[in-house]
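Here is a walk through one model, taken a piece at a time. Keep the structure open and click along as you read.

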Amino acid sequence: MPPALVRVLSDGRALATLAVPLALTQLAQVALTTTDTIMMGLIGTEALAAGGLAMVIFNQLRTMGVGLVTAVGNQIAAADARAETEDTDPATAREEVKDLVRASLLLSTLAGLAGGVLMVLIGHAVVFLGQDPDVVDTAKPVLYAMAPGLVPCLWFQAIRQFTVGMRRPQALLRITIASIAVNAGLNWVFIHGSWGLPKLGLPGIGLATTSVYVLSFLALYRSARRDPRLAPVLSLSIWKTRPATLRRLAALGTPIAATYGSEAGFFSVVALLVGSFGTTALAAHTAVNQLVYIVFQIAVGLSHAASLGVSRELALGNLAAAQRLKATALACAAAVMAVVALVYVTVPELVLAPFFEGESRSATDLAARLLLVAAVLQFFDCAQNIGVGLLRGLDDTKGGFHVTLIGYWLVGLPAATLLGFVTGWDTVGIWLGLLAGLATTALLLLRRFDQGVQRRQGATLVTP
């Protein structure tokens, strides 16, 4: 077998070992939020609207908080790789990992507390943004119950990044899958007041969410404590955090949080644009967007795995291996997206059946047209997410943020507005604009990664 092919297969296996459990964990988390939505719908339409509003606020802040600690995994992967080199003292490397864990937990605590306060304030302010006052009043108790859950949620994410950076993510999937069942059970108990507990109704879903985050964090922490490779470097002594380490993680994480927030905001604005065309358009958009979001979790797994791989290879000085990781991740994503696109194009009715009743013919027809756009869009959506992860592996988090601002807001939004409203293509036009924004973002991110690797190669060549 040719050496080049051996290297490609080896890279693919290494990437899959990390990417598959991460992608499955992401899909399990989608199931977690889907369970909450279903439970809200069972209570009633007003509960679904109010609970949905609370979830939008919570998820926006949670997503940005997760972004703040995402770079921790890259830093730990690089430190762990340096521990394997002959010129690094293993004790020094272990202490570096310990300090990164402590700093990530401290950063999570600060972000969770600030986010919880902000969540409550936003819950009171959305009434001034045109939301129904009755819906807002119903959503407030849910937010009060969910706000404390932001801290353990981010603690879980910090420990998650630690385990992934150390290439020990196996427990993540088991814990996340178990949390789905626990969440469903707690939802039912808190909503209906089973087993002698008070009947809380809709706020019970918020309490269940907070409880699940606490239990998930404890389960992941316990699992890491029982792992002989993780336990020696897992430290909860956040008061021992070095200020320089905390500042470094905050400097790396802030642009990632802003990138995640910008992306979420861009998709929210697109939904508002589509909503201006009526209920049918918004229903079709929601259904297809959910499908894209589900498949997108595969890209998230590949992105994280490639990102950590790049951090590790650069720490070891393997620039060629870092470049191969980009090609391998993109090839894997393209293969999966090709299969998904084939399904979208050949059996759109089957794909859309769970979302629409038989009489929703107009919404189904529009959604089928959007699926054709999504079949192409998903390639670029995955590529841009992988690109963000690759740049994170270079510690170029600011560059990723700047590129996404260009792609989403300077190209995507104007294109969606032009194609949706000026050309008369309506919802399909807006989705074509979305495609243009994601394609621009993907190409710019991948180009920036190549330039970053080339600069490192140049620096290596001129180093005496």
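## Two buried spots

Let's start with Thr-209, which counts as buried because its relative accessibility is 8%, below the 20% cut-off for that label. This is a predicted model, by the way. You'll find Thr-209 in helix H7, which covers residues 203-225. Skip the neighbours within four places in sequence, and Thr-209 is in contact with Asp-36, Met-146 and Asn-183.

Now hop over to Gly-149, which sits in the loop between helix H4 (133-146) and helix H5 (150-165). Is Gly-149 buried or exposed? Its relative accessible area is 0%, so Gly-149 is buried. Once residues up to four places away in sequence are set aside, Gly-149 touches Thr-210 and Tyr-213. Take Tyr-213: 64 residues separate it from Gly-149 along the sequence, yet the two C-alpha atoms are 6.2 Å apart in space.

## The nonpolar cores

In soluble globular proteins, nonpolar side chains tend to be buried together. Here, the largest nonpolar core has 59 residues. Which residues have the most contacts inside it? They are Val-288, Tyr-344, Trp-431 and Leu-434. A whole set of helices each put at least two residues into this core: helix H1 (3-43), H8, helix H9 (279-315), helix H10 (319-346), helix H11 (348-352), H12, H13 and helix H14 (426-462). H9 gives the largest share, with 14 residues.

For a closer look at one member, pick Leu-434. Not counting neighbours within four places in sequence, Leu-434 is in contact with Phe-266, Phe-267, Val-270, Leu-377 and Ala-416. There is also a second, separate core of 37 residues, and Leu-154, Leu-172, Leu-230 and Leu-246 are included in it.

## A cavity

How many cavities of 30 Å³ or more does the structure hold? The count is 1, and about 50 Å³ of space lies in the largest cavity. Its lining is made up of Pro-255, Ile-256, Thr-259, Val-388, Arg-392, Asp-396, Thr-397, Gly-400 and Phe-401. Helix H8 (243-275), helix H12 (361-393) and helix H13 (397-422) are the elements that give two or more residues to that lining.

As for chemistry, the lining of the largest cavity splits into 4 nonpolar, 3 polar and 2 charged residues.

## Two backbone oddities

Arg-167 is not a glycine, but it has a positive phi of about 60°. Look for Arg-167 in the loop between H5 and helix H6 (170-192). With a relative accessibility of 41%, Arg-167 counts as partly exposed, because that label covers values between 20% and 50%.

Asp-426 is another non-glycine with a positive phi, about 55° in this case. Asp-426 is found in helix H14. Its relative accessibility is 34%, so Asp-426 counts as partly exposed.

## How confident is the model?

Across the chain, the mean pLDDT is 84, and 90% of the residues reach 70 or more. Which elements have the lowest and the highest mean pLDDT? H1 has the lowest, at 68, and H13 has the highest, at 92. Both helices have come up already: H1 and H13 each supply at least two residues of the largest nonpolar core, and H13 also gives two or more residues to the lining of the largest cavity.

Definitions and conventions
Residues numbered from 1 in each chain as written. Predicted model: local features only at pLDDT ≥ 70, side-chain atom pairs only at ≥ 80, totals over all residues. Heavy atoms only, no water. 1 Å grid on protein atoms, 1.4 Å probe; cavity = no way out; pocket = protein on both sides within 12 Å on 5 of 7 lines; lining within 4 Å. Points joined across faces, edges and corners; volume = space filled by probe spheres on them. Helix = DSSP H or I, 4+ residues; strand = E, 2+ residues; numbered from the N terminus. Nonpolar A, V, L, I, M, F, W, Y, C, P; charged D, E, K, R; others polar. Buried < 20%, exposed > 50% of the residue type's maximum accessible area, 1.4 Å probe, protein only. Contact = heavy atoms within 4.5 Å. Core = buried A, V, L, I, M, F, W, Y, C linked by side-chain atoms within 4.5 Å. pLDDT = per-residue confidence, 0-100.
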